Amino acid sequence: MNMFNLLDMSKVPLPDSITVLDYEQKLKALKEKLLVKHPEFSDALTLESEPLAIMLEMMAYQALLFDGKVNDAIKGNMLASATGNDLDAIAARYNLSRQAANSNIHEKESDTRFRRRIQMVFEGLNTAGSKQAYQFHALSADPRVKDVYVHSPQPCAVELTVLSHEGHGLPSTELVEKLRNHFGLLPDGSGPSEEASKVRPLGDKVSIFTPNVVPYHIEVNLVIAPGPSASSVEATVKAALDEYIAQQTLLGRDISQMGLFSAINQPGVENGQVLSPSTDVPISADSVAHCTGMVINASVRRGDE
């Protein structure tokens, strides 16, 4: 389990109102409409130099540009597909703003992280209490917070395991202290402070923990089809593995054989083998996987084999 116990926005389909951009189809439709009323132009439209044909091509291109702008406007108004300033505009509806990334005012919070906070915004309209509300308030406390696992072993006892963007995911002492202050805890974390927190219910006793780091190492064998692009195939596999590692560097994300095989199954790879890890690496909800290194053993199959 991790903080993303929400709808996966990357899997939300585009609405039916999105138009498929097809220049040839638009040009064909314009020609058909013209010929319905003026069939005498049929031979003329077969000539590329015909002014009427050129005008229809320009009209088709302009229509294509218009449809593209409409598509962009639709995507910009959907939380699942909005980016940049469009995403900021959606967040403004809930009085939510984008954070500075890693305490650097010149770098902004990524669209992916910001989109997730927008999804959780209704949980944060009041004090914490539910798991999602604690997650939202912890994420909003500091941009260095990457993930939060909330556990309540007994009523009114709340344990927050915080994953950081820092280092290998372990939050710094300064970040932990900032979160304790945010939730109105004593400096030593022993209990609530005298000043009531604006985000923590008075009856809740909150404890903040750092995650367990589970190291693993990746080693794969690749057999690449003969050709001049073996190095680019290897680079594509490495990029796919890096992307998989990044996706799984959250609390409770297992490292699976299926995920690794999917990453190395790229165009140009004829055969692949995952040597390490040899089995799935299960990760508990309060832990995070950490890749200590990656080795890609690539060989090119000889053309006569």
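Which element gives the largest share of the lining of the second largest pocket? In this predicted model, the answer is β8, with 4 residues. The pocket and the two sheets of the model are described in turn below.

The second largest pocket holds about 160 Å³ of space. Its lining is made up of 14 residues. Those that lie nearest the centre of the pocket are G167, H168, G169, T249 and H290. Two elements, β4 and β8, give two or more residues to this lining. By residue class, the lining divides into 7 polar, 5 nonpolar and 2 charged residues.

Strand β8, the source of the largest share of the lining, belongs to an open sheet of 3 strands. The order in this sheet is β7-β6-β8, and the pairing is mixed. Strands β7 (269-276) and β8 (287-300) are the edge strands, each of them pairing on one side only. On average, neighbouring strands of the sheet are turned by 25 degrees against each other, direction ignored. Between β6 (residues 212-224) and β7 the pairing is antiparallel and runs over 6 bridges. Within this pairing, V223 has N271 in β7 as its bridge partner. Helix α7 (residues 230-248) packs on the sheet and touches β6, β7 and β8. The direction of α7 makes about 170 degrees with that of β8. Helix α8 (residues 257-264) also packs on this sheet, touching β6 and β7, and its direction makes about 145 degrees with that of β7.

Strand β4, which also gives two or more residues to the pocket lining, is part of another open sheet, with 3 strands in the order β3-β4-β5 and mixed pairing. Why is one side of β3 and of β5 left without a neighbour in the sheet? Strands β3 (145-154) and β5 (205-209) stand at the edges and each has a single partner strand, so one side of each remains without a neighbour. From one strand to the next, the twist averages 25 degrees. Strand β4 (residues 157-164) pairs with β3 in the antiparallel sense, over 7 bridges. In this pairing V150 stands opposite L160 in β4. Helix α6 (residues 173-182) packs on the sheet and touches β3, β4 and β5. The direction of α6 makes about 165 degrees with that of β5.

Definitions and conventions. Residues numbered from 1 in each chain as written. Predicted model: local features only at pLDDT ≥ 70, side-chain atom pairs only at ≥ 80, totals over all residues. Heavy atoms only, no water. Pairing = 2+ DSSP bridges. Axes fitted to C-alpha atoms, helices over the stretch in contact; angles between N-to-C directions. Contact = heavy atoms within 4.5 Å. 1 Å grid on protein atoms, 1.4 Å probe; cavity = no way out; pocket = protein on both sides within 12 Å on 5 of 7 lines; lining within 4 Å. Points joined across faces, edges and corners; volume = space filled by probe spheres on them. Nonpolar A, V, L, I, M, F, W, Y, C, P; charged D, E, K, R; others polar.
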